[in-house]
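Student: I should like to learn how to read a structural model feature by feature. May we begin with empty space inside a protein?

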Amino acid sequence: MSVRTPDPDWTPDEPSVPPSTNPGWFSDLELAEIRGRLPLLYVEALPVRVDGLGQVTEVGLLLRANAVGEMTRTLVSGRVMYGETVRDALFRHLEKDLGPMAFPLLPASPVPAAVAEYFPLPGISPFTDERQHAVSLVYVVPVTGTCEPRQDALEVSWMPPAEAASDAVGAELEGGRGVLVRQALAAAGALR
């Protein structure tokens with residue numbers, strides 16, 4: 001006897017997408033289908049340098065070229081995989097975006113500095129992502145090592161907290177992340 005509750009629009013005769021060999025990763029087709037039906041969980045990190053008292057002295061923002069060739073800034077970010085802890089996902093994305101020698105100091109508590117809800121249509125929240133509805137847990141993470149950006153980032157730009165929170169830098173951040181940077185820095189006590 002099956003205890004599965006079928007989706008309202010599912011019929012047993014529908015072809016199914018073959019499962020991925022790695023259950024934590026989705027094929028492009030699977031991901032597109034999931035993004036159209038469910039909000040996805042992400043982690044985002046604002047890398048910072050701190051002084052001996054733990055005060056934020058510099059903020060690191062990734063510089064990259066977007067799909068249309070414009071230079072934009074962004075945060076370290078990525079999806080949480082099935083079966084992965086938030087802490088593991090955060091560490092994985094920090095290493096992926098900043099390199100293995102960044103030496104991030106993950107927070108002792110999994111409580112984020114901010115939570116952002118991204119919508120595909122503007123106006124619902126300050127945060128937009130035309131691909132999907134996503135919820136992101138945002139952390140302020142001190143890094144003590146050398147940051148060598150990998151993946152699609154060109155460089156990590158370090159700047160004082162007041163500059164990172166400025167309207168000019170906020171305009172360079174995609175999807176409303178300028179608001180997110182201000183929220184995260186305020187939670188860390190870095191804005192005066």
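Tutor: We may, with the reminder that this model is predicted. Rolling a probe the size of a water molecule over the atoms shows where empty space is left. In the present case, the count comes to one cavity of 30 Å³ or more.

Student: How much space lies in the largest cavity, and which residues line it?

Tutor: The largest cavity holds about 40 Å³ of space. Its lining consists of V86, R87, L90, L106, P107, S109, P110 and Y139. Helix α2, residues 86-98, gives the most to this lining, with three residues. By class, the lining has six nonpolar residues, one polar residue and one charged residue.

Student: A pocket, I understand, is open, whereas a cavity is closed to the probe. What is the volume of the largest pocket?

Tutor: About 1,100 Å³ of space lies in the largest pocket. It is lined by 39 residues, of which R35, Y42, S77, D129 and R131 are the closest to its centre. The elements that give two or more residues to this lining are β1, β2, β4 (76-79), α2 and β6. By class, the lining of the largest pocket has 15 nonpolar, 11 polar and 13 charged residues.

Student: How many helices and strands are there in the chain, and in what order do the elements run?

Tutor: The chain has five helices and seven strands. Read from the N terminus, the elements run α-β-β-β-β-α-β-β-β-α-α-α. One may then ask how far along the chain the contacting residues are separated. Of the contacts in the chain with a separation of 6 or more, 64% are between residues 24 or more positions apart.

Student: What share of the residues counts as buried, and what does the surface consist of?

Tutor: Of the 192 residues of the chain, 40% count as buried. The accessible surface comes to about 11,000 Å², and carbon and sulfur atoms hold 58% of it.

Student: How should one read a nonpolar core?

Tutor: In soluble globular proteins, nonpolar side chains tend to be buried together. Here the largest nonpolar core has 27 residues, and L46, V59, L61, L180, V181 and L185 touch the most other members. The elements that give two or more residues to this core are α1 (28-35), β1 (40-50), β2, β5 (114-118), β6 (134-142) and α5 (177-187). Apart from it lies another core, of 17 residues, among them A45, L62, V80 and Y139.

Student: Which residues does L46 touch, beyond those up to four places away in sequence?

Tutor: L46 touches V59, G60, L61, L75, Y139, V140, V141, V181, A184 and L185.

Student: Charged residues interest me as well. Is R177 buried or exposed?

Tutor: R177 is buried, because its relative accessible area is 13%, and buried means under 20%. R177 has its place in helix α5. Its contacts, leaving aside neighbours within four places in sequence, are E44, T74, L75 and Y118.

Student: And is E84 buried or exposed?

Tutor: E84 has a relative accessible area of 16% and is therefore buried. E84 lies in the loop between β4 and α2. Beyond its neighbours within four places in sequence, E84 is in contact with R79, A89 and R92.

Student: Why does A65 count as partly exposed?

Tutor: A65 counts as partly exposed because its relative accessibility is 33%, which lies between the 20% and 50% limits. A65 is found in strand β2, residues 56-65. Leaving aside neighbours within four places in sequence, A65 is in contact with E70, M71 and L154. The C-alpha atoms of A65 and A153 are separated by 7.6 Å, although these residues are 88 residues apart along the chain.

Student: Where is E148 found, and which residues does it touch?

Tutor: E148 is found in the loop between β6 and β7 (153-159). Not counting residues up to four places away in sequence, E148 touches D97, L98 and G99. E148 and L98 are 50 residues apart in sequence, and 5.4 Å apart from C-alpha to C-alpha.

Student: Finally, how should one read a backbone angle?

Tutor: Most residues other than glycine have a negative phi. F103 has a positive value, with phi near 50°. This residue, F103, is found in the loop between α2 and β5. F103 is partly exposed, with a relative accessible area of 43%.

Definitions and conventions. Residues are numbered from 1 along each chain as its sequence is written. This is a predicted model: local features need pLDDT of at least 70, side-chain atom pairs count only at pLDDT 80 or more; totals for chains, interfaces and linings use all residues. Side-chain values use heavy atoms; hydrogens and water are left out. Helices (H or I, at least four residues) and strands (E, at least two) are DSSP runs, numbered from the N terminus. Buried means under 20% relative accessible area, exposed over 50%, partly exposed in between (1.4 Å probe, protein chains only). Contact means heavy atoms within 4.5 Å. A nonpolar core is a set of buried Ala, Val, Leu, Ile, Met, Phe, Trp, Tyr and Cys residues joined through side-chain atoms within 4.5 Å. On a 1 Å grid over the protein atoms alone, a cavity is a set of points where a 1.4 Å probe fits but cannot get out, and a pocket is an open set with protein on both sides within 12 Å along at least five of seven lines; lining residues have an atom within 4 Å of a point. Grid points are joined across faces, edges and corners, and a volume is the space filled by probe spheres set on the points. Ala, Val, Leu, Ile, Met, Phe, Trp, Tyr, Cys and Pro count as nonpolar, Asp, Glu, Lys and Arg as charged, and the others, Gly among them, as polar. Accessible areas come from the Shrake-Rupley method with a 1.4 Å probe; for residues, only the protein chains shown count as cover.
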